[in-house]
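The exercises below concern a single protein chain, and each is followed by a solution that goes step by step. Please look at the sequence and the model before reading the solutions.

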Amino acid sequence: MALLSEVWEVKLKPNVISYNAGISACEKCVQWQRALALLSEMCEAKLEPDVISYSSGVNACEKGGQWQQALSMLRTMRLRKLDVGFMAYGITASMCEQGGQWSQVLSLIREVRDLVTGG
């Protein structure tokens, strides 16, 4: 995180890779709020978050128990036509289940089924 701050201080422009490294570091340190803040900063810097950005964000939310945020990122990935991947669905469905959000779990299962069957 300090390196990312230093990049700005020396007037270099961080790229998607440097942001992804920061988001991943936040995930490992269970700082989901900071991970989401970095995703927002990426957009403000006119950088397009990629699958790695959002997947790291979903993982950070998992460690922080934030099913709503993970679900929101999953939806954003779908809207941006990014390859979501089954792991992100599984993590999000598991968090929704733990939060008692059964309708969300069923919705995610339907989405995965549609992806598999092409429906």
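**Exercise 1.** List the buried residues of H3 and decide how they are arranged about its axis.

*Solution.* The buried residues of H3 (buried meaning under 20% relative accessible area, exposed over 50% and partly exposed in between, with a 1.4 Å probe and protein chains only) are Trp 32, Ala 35, Leu 36, Leu 38, Leu 39 and Met 42. Viewed down the axis of H3, these residues fall within an arc of 155°, taken from the directions from the helix axis to the C-beta atoms, so they line one face of the helix. An α-helix has 3.6 residues a turn, so residues three or four places apart point the same way. Helices here are DSSP runs (H or I, at least four residues), numbered from the N terminus, and H3 covers residues 32-44.

Before going on, note that this is a predicted model, in which local features need pLDDT of at least 70 and side-chain atom pairs count only at pLDDT 80 or more, whereas totals for chains, interfaces and linings use all residues. Residues are numbered from 1 along each chain as its sequence is written, and side-chain values use heavy atoms, with hydrogens and water left out.

**Exercise 2.** Determine which residues touch the most other members of the largest nonpolar core, and which elements contribute to this core.

*Solution.* The core (a set of buried Ala, Val, Leu, Ile, Met, Phe, Trp, Tyr and Cys residues joined through side-chain atoms within 4.5 Å) has 31 residues, of which Leu 39, Met 42, Met 73 and Leu 108 touch the most other members. Two or more residues come from each of H2, H3, H4, H5, H6 and H7. Apart from neighbours within four places in sequence, Met 73 is in contact (heavy atoms within 4.5 Å) with residues including Leu 36, Leu 39 and Tyr 54.

**Exercise 3.** Find which helices are joined by the salt bridge between Glu 27 and Lys 63, and by the one between Arg 78 and Glu 111.

*Solution.* A salt bridge is a side-chain nitrogen of Lys or Arg within 4 Å of a carboxyl oxygen of Asp or Glu, and the whole structure holds seven. In the pair of Glu 27 and Lys 63, the closest N and O atoms are 2.9 Å apart; Glu 27 lies in helix H2 and Lys 63 in helix H4, so the pair ties together parts that are 36 residues apart in sequence. Arg 78 and Glu 111 meet at 3.0 Å, N to O, and this pair links helix H5 to helix H7, 33 residues apart in sequence. Glu 27 is buried at 9% relative accessibility, whereas Lys 63 is partly exposed at 41%.

Conventions:
The expected span of a helix is 1.5 Å times one less than its number of residues.
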